[in-house]
Amino acid sequence: GQAASSLHYAEKSTAIMMKIGFIFADAASHLATAQALHENGAHRKAARELAIANRMNLRMKSRIEYFRGLLTEAQFVFEDGKAESDSRGLKALRQAMQIGREEGYVNFSGWRPSVMSKLCAKALEHRIEPDYIRHLIRTRYLIPDASFAGSEEWPWPMKIYTLGRFGLVRDGTSLRLPKRGQGRIIELLKALIALGSREVDQALLIEALWQEAEGDKAHQAFRTTLHRLRKLLGKEEVISAHEGRVTLNPRHCWVDVWAFERRLGKDADMASMEKAIALYQGRFLENDFVAAWAMPLRERLHAKYLHCLSELGRRWETAEEWGKAATLYQRGLEVDPLVEEYYQRLMVCQQRRGHRAEAMSVYRRCREALRIHLEIVPSPETETIARTIKESGNPR
């Protein structure tokens, strides 16, 4: 982390190695100098030093040093943040990871976990040598960079699914959930997620799950259940408890709720919104008895989902991608068949695609669903759209 000192010693090393004529160490010194220059913001000089190192590595036919050089090139390109250069970075990363897979590399001189985490994340994002990358991550216990922390692609020790279903996946294998007599273990995990996942007051957890128990017995039951939950999850680090507060550690596990909300962060683009919608397989703990502590999160997430789907659908309509918009609205109705807006927009999309009969079929579905479940009739807006379709117009 001491960029200026790093550059001083890298340049000193290069000068010594050039005098000695030890080409392997000379190439390594040029690479170190390139990295130090980059850290100090001298990007053009860094690129020149890197080019020298790579030429020397090719001349020596040193695969591990060329592997390092390619990784460094990819790092420089991605950190410079120029979109037009991204393909060059991906090419270098693809070459590097192919060499790494062929040679079985899991370490090298100058290994920096923070840099390798970002490069591994980029490789997973673009499906570059995914099996090798996951092996590398697991072998070196890499922690994902904050920008990639919500990704399901990372080989998390533990994945927790709560949207539409409840499931636990440990090291890639689905876990059998405890039997009914041990159900309180899973209830503790669900309550921890529902109450915020991080820095949750254990008093809130005890109140949620052990209301009937007296003070000491309730606290003992909580401690025993927490111990058993950690054992089930397989790693002590997954759940931390400190000074009466309990945290589900985002550095050691992935939760679909976290990933969903991260995708819908500020200024979410269409790709992020599509990924969020794909994650939302149903309401939070949909198949569970509706406990009071689960309701606020359930309602908040569902509202976010409905807003996201409507926003993305409108964007597809603006782009006149009627088929994509229709697929989106249909998915929304599968999750929540009582949102009249989705029927309206689906009718419009089908009409725009020239599917007049399908559009009227959607109208009839809407009318039936509202009658059976809510005992109401479609709104005037829905009736107007249907009447326009019957008259073969183009509703907007």
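Let's start with one pair of residues: arginine 283 and aspartate 336 form a salt bridge, and their closest N and O atoms are 3.2 Å apart. Arginine 283 sits in the loop between helix 12 and helix 13, while aspartate 336 sits in the loop between helix 14 (322-335) and helix 15 (340-352), so this salt bridge ties together parts that are 53 residues apart in sequence. Keep in mind as you look around that this is a predicted model.

How open to the surroundings are these two partners? Arginine 283 has a relative accessible area of 24%, so it counts as partly exposed. Aspartate 336, with a relative accessible area of 11%, is buried, because buried means under 20%.

Why do such pairs form? Side chains of opposite charge can pair when their charged atoms come close. The structure holds 16 salt bridges, and a few more of them are worth visiting.

Take arginine 101, which forms a salt bridge with glutamate 129; here the closest N and O atoms are 2.6 Å apart. This pair links distant parts of the chain, with arginine 101 in helix 5 (residues 86-103) and glutamate 129 in the loop between helix 6 (113-125) and helix 7 (130-140), 28 residues apart. Arginine 101 has 42% relative accessibility, so it counts as partly exposed.

Next, find arginine 134, whose salt bridge partner is glutamate 153, with the closest N and O atoms 3.3 Å apart. Arginine 134 belongs to helix 7 and glutamate 153 to the loop between helix 7 and strand 1, so the pair ties together parts that are 19 residues apart in sequence. Arginine 134 counts as partly exposed because its relative accessibility is 23%, and glutamate 153 is also partly exposed, at 34%.

Salt bridges can also be joined up: Arg63, Glu102 and Glu103 are linked in a network of them.

Now turn to charges on the surface. Arg44, Lys45, Arg48 and Lys82 form a positive surface patch. One of these residues, arginine 44, lies in helix 3 (residues 43-60). With 73% relative accessibility, arginine 44 counts as exposed, because the cut-off for exposed is over 50%.

Finally, let's move to buried residues. Which residues of helix 11 (residues 256-263) are buried? They are Asp256, Val257, Trp258, Ala259 and Phe260. These buried residues pack against three strands, namely strand 1 (158-161), strand 6 (245-248) and strand 7 (253-255). They also pack against helix 12 (270-279) and helix 13 (295-318). You have met helix 12 and helix 13 already: the loop between them holds arginine 283, where our walk began.

Methods. Residues are numbered from 1 along each chain as its sequence is written. This is a predicted model: local features need pLDDT of at least 70, side-chain atom pairs count only at pLDDT 80 or more; totals for chains, interfaces and linings use all residues. Side-chain values use heavy atoms; hydrogens and water are left out. Patches are made of residues with over 30% relative accessible area and no salt bridge: like charges are joined within 9 Å, nonpolar side chains (Val, Leu, Ile, Met, Phe, Trp, Tyr) within 5 Å. Accessible areas come from the Shrake-Rupley method with a 1.4 Å probe; for residues, only the protein chains shown count as cover. A salt bridge is a side-chain nitrogen of Lys or Arg within 4 Å of a carboxyl oxygen of Asp or Glu. Lys and Arg count as positive and Asp and Glu as negative; His and the chain ends are not counted. The place of a charge is taken as NZ of Lys, CZ of Arg, CG of Asp or CD of Glu. Helices (H or I, at least four residues) and strands (E, at least two) are DSSP runs, numbered from the N terminus. Buried means under 20% relative accessible area, exposed over 50%, partly exposed in between (1.4 Å probe, protein chains only). Contact means heavy atoms within 4.5 Å.
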